[in-house]
Amino acid sequence: MKLNLMHKFSIYSIIRLEIRWSTHAGYYFNIPCVLLQVAKGFVSIKNRKKGMRKLLKSFKTEINPTEEQKVKIRKTIGTCRFIYNFYLAHNKELHESGKKFMSSSQFRVWLNNEFLPSHPEYSWIKEAYSKSVTQAVNNGQIAFEKFFNHKSAFPKFKKKGKSNVKMYFVRNNPKDCLCERHRIKIPSLGWVRIKKKGYIPTTKDEYVIKSGHVSIKADRYYVSVLIEIPDKRIVSNSSEGIGIDLGLKDFAIVSNGKTYKNINKSAKLKKLEKKLIREQRSLSRKYENIKKGGSTQKRNIQKQRLK
């Protein structure tokens, strides 16, 4: 869909936002604009009061949990996978018997008040973190809604070890989700050490963790968090329009004299691109070795894909 820039700039005095663009390389830059939604971005904007804006930005890094924490993570993820499949199977049975579809909230009420009291052998479900279980049921409802709206096929059951099931957590009180330079506090897990120190913004710098999830890939543990970042710059109330010229040498040149550099031509990004090419060649050789009957293990391929 094309945007009518002249129409957007005519209402610039009414809605004036500034979006922070982010890249995988870690660079970011700010560009004034009047877009209200970003379809596929890393950052959303929340206007709380005049002169103060809140940015929501996601961070993902590898963690180093203890053996006890690893057991809890695997149990919670296994419980979420079971509940997701149970929700799909239960609604499938309701449909076959001619009964109405059960929403996620209705299913949780039925599960806690009817199913679990009459089936004590499933009491281990309550041992998992409740917010993760709730999110698993909500994901099942979202999958059904996409199917009903003809946006996807019928939801599939998640297989053990072959599905991307995650342990979801959310901040309920100020002491729930905290972050320091070398560790992060996750509900039901406690403090977990971070391998890449200083990557996630810390709580003492007024950064707030809103939610997140823990995932496992190739026997390595990762945490992804959504952080509220304060932006204390004052919003300009100017009613004048602004012109933006997008180019190749420079990313954008604004009519007020500001120039934004093209990060694709930076030395650091070129270095990362060369590293990516080397890692892709190494991954390709591993696949070729398997085709020739070599001894390359699938775990080594998964580790190489993570690089």
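This passage walks through the fold, a helix pair, a small sheet, two buried residues and the salt bridges of a predicted model.

Residues are numbered from 1 along each chain as its sequence is written, and side-chain values use heavy atoms, with hydrogens and water left out. Because the model is predicted, local features need pLDDT of at least 70 and side-chain atom pairs count only at pLDDT 80 or more, while totals for chains, interfaces and linings use all residues.

The overall picture comes first. The protein's secondary structure adds up to six helices and 13 strands; helices (H or I, at least four residues) and strands (E, at least two) are DSSP runs, numbered from the N terminus. Of its 307 residues, 34% count as buried, where buried means under 20% relative accessible area, exposed means over 50%, and partly exposed is in between (1.4 Å probe, protein chains only). Contacts tell us how the chain folds back on itself, and here a contact means heavy atoms within 4.5 Å. Among contacts with a separation of 6 or more, 56% come from residues 24 or more positions apart.

Next up is a pair of helices. Helix 2 (residues 67–96) packs against helix 3 (residues 104–118) at an angle of about 100°, and their axes are 12 Å apart. That angle makes helix 2 roughly perpendicular to helix 3. For the bookkeeping, axes are lines fitted to C-alpha atoms, for helices over the stretch in contact, and angles run from 0 to 180 degrees between N-to-C directions. Angles under 35 degrees count as roughly parallel, over 145 as roughly antiparallel, 65 to 115 as roughly perpendicular, and the rest as oblique. On the helix 2 side, the residues that meet helix 3 are I83, F86, Y87 and H90, and they face S104, F107, W110, L111 and F115. Sorted by class, the contact of helix 2 with helix 3 has seven nonpolar, two polar and no charged residues. In this sorting, Ala, Val, Leu, Ile, Met, Phe, Trp, Tyr, Cys and Pro are nonpolar, Asp, Glu, Lys and Arg are charged, and the others, Gly among them, are polar.

Helix 2 also holds T79. T79 counts as buried because its relative accessibility is 5%. Setting aside neighbours within four places in sequence, T79 is in contact with W124, I125, A128 and V133.

Now for a small sheet. Three strands form an open sheet in the order 11-12-13, with antiparallel pairing; two strands pair if DSSP finds at least two bridges between them. Strand 11 (244–246) and strand 13 (259–261) are the edge strands, each pairing on one side only. On average, neighbouring strands of this sheet are turned by 15° against each other, direction ignored. Strands of a sheet pair through backbone hydrogen bonds, either parallel or antiparallel. Strand 11 and strand 12 (residues 250–254) run antiparallel and are joined by three bridges. I244 has V254 in strand 12 as its bridge partner, and D245 has I253. A hairpin with three residues in between connects strand 11 to strand 12. Strand 12 also pairs with strand 13 in the antiparallel sense, over three bridges, with I253 opposite T259 in strand 13. The hairpin of strand 12 and strand 13 has four residues between the strands, and G257 there takes a positive phi near 105°.

Another buried residue is V225, found in strand 10 (residues 220–231). V225 counts as buried because its relative accessible area is 1%. Not counting residues up to four places away in sequence, V225 touches several residues, including K57, F59, F169, I184 and G212. G212 is 13 residues away along the chain, yet the C-alpha atoms of V225 and G212 are separated by 4.0 Å.

Finally, the charged pairs. A salt bridge is a side-chain nitrogen of Lys or Arg within 4 Å of a carboxyl oxygen of Asp or Glu, and by this rule the count is five. K195 pairs with E62, with the closest N and O atoms 3.1 Å apart. This pair links distant parts of the chain: K195 is in the loop between strand 8 (190–194) and strand 9 (208–217), and E62 is in strand 4 (residues 52–64), 133 residues apart. E62 counts as buried, at 13% relative accessibility. E62, K195 and R220 are linked in a network of salt bridges. D219 and R74 also meet in a salt bridge (3.6 Å, N to O). D219 lies in the loop between strand 9 and strand 10 and R74 in helix 2, so the pair ties together parts 145 residues apart in sequence. D219 is partly exposed at 44% relative accessible area, and R74 is partly exposed at 43% relative accessibility.
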